[in-house]
Amino acid sequence: MLDCPIKKVFVSPMSVSMLRAVLLFPLFCLALLSAPFSARAAMEIQVIGGAANKIAVAMVPFQAAPGQPSPALTQIAGDDLNRSGQFRLVDVSGAPQPVMPAQVDYGVWRGKGADALVVGQVTAQPGGRLEIRFYLLDVLKQTQLAAYSYTITAGQWRATAHQIADLIYAKLTGIPGAFSSRIAYVQKQGRRYELRVADADGQNPRTVMRSNESVISPMFSPDGNQIVYVSFEDRKPVIYVQSLKDGHRRKIAAFKGSNSAPAWTPDGRRLAVVLTRDGASQIYMINADGGGLTRLTRGSNIDTEPVFSPDGQTLYFTSDRGGSPQIYRMAASGGEAKRVTFNGSYNVSPAISPDGRYLAYISRDGGRFSVTLQELASGQTRVLTDTARDESPSFAPNGQAVLYATVQGAQGILGTVSLDGKTHARLSESGVDAREPVWGP
Amino acid sequence: MNKILWPILVALTLSACGTTGGTQATVEDRTGGTASTGQGTETTGVGGSGVAGNAMGDQYAGDPRKNPASPLSKRSVFFDYDSFVVKDEYRPMLEAHAGYLMSKRDAHVILQGNADERGSREYNLALGQKRAEAVRKALAVLGVSDAQMEAISFGEEKPRNEGHDEAAYAENRRTDVVYSDEK
């Protein structure tokens, strides 16, 4: 079995002055958060299971400013931490509600079983801005692990909560958080398809493209500023690259036959695509502007679903060259392919973890299609899900979870699962079919 | 309308809707942020192309491709599970289409491959392509020029039968022969 322990690392305390920083949000956050689609329904989240050894965090609701947005920052950040399966939120009701570290009675929190404590406050600033100060404290050592302040607009509320969750996660696990990242997915409602971009918790969804024909295989560019997808609006599969800043898009592959399965290179300059212009479904490379086409695989069988290793040196893909669909790898420059999956007769849709250690894919076993994880160095595999119609796995930017699509009842929903298979979260919206998810930066 | 022709036209219209999407397709782009500058594309499909003529005895006065008595009116090639072999029963149909295409050099067909819904969408797209390609090759062997044909795939994206049982899957493992002027 794979060994995916939860790290419980408390970093050594530092002085307040060193940690205190005013974080200015990147401009793109501002633009996205002011999107005119805020009234859209968002997905609901259900968390199941979790790690055996959870870090206990007490999050005291920050002292509020009049008229601050809701839900509270500690609510949003707490939900993030809870969804990871690596934390247990300590009940803070009935306890004193400190605002500053100096007010903390550590004995109270030790008595409640907390490993860490989060306190803070929100204060109104001129011009409608809000100042947020928060402190992360080690309850056992009675030391301060982090202290941050932000000055934000109300529109940056959720993004700030996710950043707070990322900081807590990083300080307590030693691994960067991924709560500030985004996901994309396709939703189908009746005959209408929408390509949506949402926060990693499924909230704040924004429709970036809608069509009466299917859309599949979205993928963020490595910098997160563009999205590539396959649209059937031209009565055949055609690959589009669209800016997430201004919505402009261009066809990058509309060759004779089918054009599909785009995958960015890690430097964002080129994409691997699957074309049938020369007959069989084969892998080609193309520049992000649609120029510079070169052919990569040269067979008469199916080669599809290419994806690059994080260093860009290796290409993983699905091929039926051996008689059944299996995952292969080859040098990104071309050459001989080597088979990577060996168990079973149907292994497809490869995804590579950001550290390059793991392959996630869909394997079929007795008619069930499940998310499976393989440690590349050892070849050891583990089925991560107990659902039967899983598709489209992709890794969180911090490599700690896999996002995938599955079916619950008759409805398409999204799920995340931790690499140890112990924590499952399901994201769904009533009456909406969600599919083709991908995790972005 | 002729009482005999009517059900056939209905059937043709339904099958055309199933394969080409039928009604209006509208696409908009939007992003979060400033102005909604997405370009809208709009295409129209008309399903079956309407009244073709009247059946009068043995004669068929309309478009020969729509004559229900002709193998040209047959447009779908079905495949066995995990198979890409064009079965012998489709030979008369494909010979008729090859003959038509060779006699009308400005005619053009799109061979639309499809797959059932099980498994990866992208892999199913490739499976559908393999079925379209099998029909394209069969027509090429019969003498049809490559310039008159395009093999594409809808994968599992446009199922004719939206059921989730073996009967539905069998109906969706299919290549449709669609003439460009009939879209």
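Tutor: Two strands count as paired if DSSP finds at least two bridges between them, and we shall apply that rule to this predicted model.

Student: How do you know that strand 28 and strand 29 of chain A are joined, and in what sense do they run?

Tutor: Strand 28 (residues 411–418) and strand 29 (residues 423–428) of chain A are joined by four bridges and run antiparallel; since the rule asks for at least two bridges, the two strands therefore count as a pair. Within this pairing, A:L414 has A:L427 in strand 29 of chain A as its bridge partner.

Student: To which sheet do these strands belong, and in what order do its strands lie?

Tutor: They belong to an open sheet of five strands in chain A, ordered 1-29-28-27-26, with antiparallel pairing.

Student: What makes strand 1 and strand 26 of chain A the edge strands?

Tutor: Strand 1 (44–49) and strand 26 (391–395) of chain A each pair on one side only. On average, neighbouring strands of this sheet are turned by 25 degrees against each other, with direction ignored.

Student: Why is strand 8 of chain A called mostly covered?

Tutor: A residue is called buried when its relative accessible area is under 20%, and seven of the eight residues of strand 8 (residues 192–199) of chain A are buried, so the strand is described as mostly covered.

Student: How do you know that strand 8 of chain A pairs with strand 7 of chain A?

Tutor: Strand 7 (residues 182–189) and strand 8 of chain A share eight bridges in the antiparallel sense, which satisfies the requirement of at least two, and therefore they pair. A:Q189 stands opposite A:R192 in strand 8 of chain A, and the two strands form a hairpin with two residues between them, where A:G190 in the turn has a positive phi of about 60 degrees.

Student: What links strand 8 of chain A to strand 9 of chain A?

Tutor: Strand 8 and strand 9 (residues 206–211) of chain A pair in the antiparallel sense over five bridges, with A:R210 in strand 9 as the bridge partner of A:E194. This hairpin has six residues between its strands, and A:G202 in the turn has a positive phi of about 80 degrees.

Student: What makes the span of helix 3 of chain A close to the expected one?

Tutor: Helix 3 (residues 73–84) of chain A has 12 residues and reaches 17 Å from its first C-alpha to its last, against an expected 16 Å at 1.5 Å a residue. Nine of its 12 residues are buried, including A:I76, A:L81 and A:R83, and helix 3 is followed by A:G85, whose phi is positive, near 80 degrees.

How values were computed: Residues are numbered from 1 along each chain as its sequence is written. Chains are lettered from A and ligands numbered from 1 in the order in which they are written. This is a predicted model: local features need pLDDT of at least 70, side-chain atom pairs count only at pLDDT 80 or more; totals for chains, interfaces and linings use all residues. Side-chain values use heavy atoms; hydrogens and water are left out. Buried means under 20% relative accessible area, exposed over 50%, partly exposed in between (1.4 Å probe, protein chains only). Axes are lines fitted to C-alpha atoms, for helices over the stretch in contact, and angles run from 0 to 180 degrees between N-to-C directions. The expected span of a helix is 1.5 Å times one less than its number of residues.
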